[in-house]
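This report describes the ligand site, the enclosed cavities and the open pockets of the structure shown below.

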Amino acid sequence: MSTNTITSSPAVRSFRSPTPRSPRVTMLLRPTTVSSTTAASVPILTKLQKDCATPVPVLRNIADNMAADMRAGLAVDGGSDLKMILSFVDSLPTGNERGLFYALDLGGTNFRVLRTQLGGRDERVIDTEVEQVSIPQDLMSGTSEELFDFIASALAKFVKKEGGKFVLPTGRSRETGFTFSFPVKQTSIDSGILIKWTKGFSVSGTPGKDIVACLNEAMGRQGLDMRVSALVNDTVATLAGARYWDDEVMVAVILGTGTNACYVESVEAIPKLQSHKSTSGKTIINTEWGAFSKGLPLTEYDRAMDAESINPGEQLFEKTISGMYLGEIVRRVLVRMAETGSLFGKHVPEKLQTPFALGTPNISSMQQDTSEDLEAVGSILYEATGVDSNLDARKMVVEVCDTIAKRGGRLAGAGIVGILQKMEEESKGVVFGKRMVVAMDGGLYEHYPQYKRYLKNAVAELLGPELSSHVVIEHSKDGSGIGAALLAATNSIYEH
Ligand code: BGC
């Protein structure tokens, strides 16, 4: 996977379904010149469906493995694929937070800056302003200093526009929450070492460094008086944001370009935790479940994609269920169908052979096409991959999309059940005895209805009607921005 390919993949939580295609493209289709038969592709599809199958026993095994890996990762660092990172977030927002707080959110090809004026229990969020800046492609594989200078400079510009309802009491420094959506070994609430980049980032000089120090240095170079009060993963920020409105949120899951989950854990259930004290007896664990791998139903297409990626053998769950990869898996299947099954006629366009030419938003949009001749499918295919398709070929393509989305959604659902199982084992009744909320965010979850449905169905199938009636899977849209600002407030050096 080259970094070029990353531009075509959606940013974290910015995955949008493309706008409907113009009919002009459809007129370019030449049905007489494309193959009218899909017969040779049928066995390819059948094998794909078999390899991707996720019947309940497979899902149950995934959920059990997830719970076992969570335990092993809590026992000792490096105990399993799951890093089970301590977030140092022991208390979640209560609603009493007051004052002006910032949030900085870096997790994909865009980063966001936000400021919010909090008014305590009565006024809650008085005002919020958000700006989104896209990160130039070259910075995603440049040096650490270049990336952080760019971020700090955008932040400085944003701060200059502060006014209106946003008030910083005199004598105080501005405080920000920093949502950094990559695996970080947290060393305190406001420091942490980057373990590795994911989602196609390969910035040199950052792994092994304290991310907050990198940002502080860059803010210093900009002459910006701002203090990072909380360094958090996007899952943790989403949990905090959702908890602000609902006390029963216990788990947060991101399904966007990348994927991850965090949850509220009892400190007694964390053997590897030594000197850390938590007044609440609870702490949030960032599972980094994207690295999970046990029992995944993988295909030859997944293996080839992984082998060619910049992190082979890593992030296998992420590569199977998240937005950065689903379109690419579909594309690989279509290449096979085109080459050995002549699905799109004799010629296999170069565009189709370009890694990441087909994005997950494309496959989602194709699945929303309910027209008789699957016109939108034809247009999207033509635009994204350069292929001409007839109706049979389009139907075949939709089947492939559905197979990959179904596997992804169902596996994500099984992962959630694994987390719930682990929580329930620790303290009976914590999950299944009462209402409990899983806060979900990310463009894949938000903009791919079939995926979402598959996820929810898998959870219901695994838990059964009685237990699943307690588990509320709720979309917490962009909760991570406000969540990070709230955590900056909770961890403020000033009284609030
Ligand atoms: C990162 C996680 C992050 C997730 C969702 C993954 O690639 O490793 O830290 O939470 O993406 O953004």
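## Ligand contacts

An N or O atom in the side chain of N260 lies 3.0 Å from an oxygen atom of the ligand. All distances, areas and volumes in this report are computed from a predicted model. The side chain of N233 likewise places an N or O atom 2.8 Å from a ligand oxygen atom. For K199, a polar side-chain atom is found 2.9 Å from an oxygen atom of the ligand. The protein buries 100% of the 310 Å² that the ligand exposes when taken alone.

The ligand is surrounded by 15 residues, and those that come nearest are T198, N233, D234, E288 and E318. By class, this shell comprises four nonpolar, seven polar and four charged residues.

## The cavity that holds the ligand

Rolling a probe the size of a water molecule over the atoms shows where empty space is left. Over the whole structure, the search returns five cavities of 30 Å³ or more. The largest cavity has a volume of about 90 Å³, and the ligand sits in this cavity.

Which residues of the lining lie nearest the centre of the largest cavity? They are S181, K199, T259, N260 and E318, out of 15 lining residues. K199 and N260 also appear among the polar contacts described above, each through a side-chain atom and a ligand oxygen atom. E318 is in addition one of the residues that come nearest the ligand. The lining of the largest cavity divides into four nonpolar, seven polar and four charged residues.

## The second largest cavity

The second largest cavity contains about 80 Å³ of space. Its lining is formed by M250, V264, E265, S266, K282, M423, E426, S427 and V430. In terms of class, four of these residues are nonpolar, two are polar and three are charged.

Two elements, β10 (259–266) and α14 (391–426), each supply at least two residues of this lining. Which element gives the most to the lining of the second largest cavity? The strand β10 does, with three residues.

## The largest pocket

Among the open sites, the largest pocket has a volume of about 360 Å³. It is lined by 18 residues, and D77, L86, K185, Q186 and K272 lie nearest its centre. The elements β1 (85–86) and β6 (184–188) are those that give two or more residues to this lining.

The lining of the largest pocket is made up of seven nonpolar, six polar and five charged residues.

## The second largest pocket

The second largest pocket holds about 250 Å³ of space. Of the 21 residues that line this pocket, S476, K477, D478, G479 and I482 lie nearest its centre. Two or more lining residues come from each of the strands β2 (98–106), β3 (110–119), β12 (436–441) and β13 (471–475), and from each of the helices α8 (234–243) and α17 (479–490).

How does the lining of the second largest pocket divide by class, and what are the counts? There are 10 nonpolar, five polar and six charged residues.

## Summary of sites

The principal values are collected here.

- Largest cavity: about 90 Å³, with the ligand inside.
- Second largest cavity: about 80 Å³, with β10 as the element that gives the most to its lining.
- Largest pocket: about 360 Å³, with 18 lining residues.
- Second largest pocket: about 250 Å³, with 21 lining residues.

Technical notes. Residues numbered from 1 in each chain as written. Predicted model: local features only at pLDDT ≥ 70, side-chain atom pairs only at ≥ 80, totals over all residues. Heavy atoms only, no water. Near = heavy atom within 4 Å. Polar contact = N/O pair within 3.5 Å; in protein donor to acceptor, adjacent residues only side chain to side chain. Areas by Shrake-Rupley, 256 points an atom, 1.4 Å probe, with all protein chains shown as cover. 1 Å grid on protein atoms, 1.4 Å probe; cavity = no way out; pocket = protein on both sides within 12 Å on 5 of 7 lines; lining within 4 Å. Sits in = over half its atoms within 2 Å of the grid points. Nonpolar A, V, L, I, M, F, W, Y, C, P; charged D, E, K, R; others polar. Points joined across faces, edges and corners; volume = space filled by probe spheres on them. Helix = DSSP H or I, 4+ residues; strand = E, 2+ residues; numbered from the N terminus.
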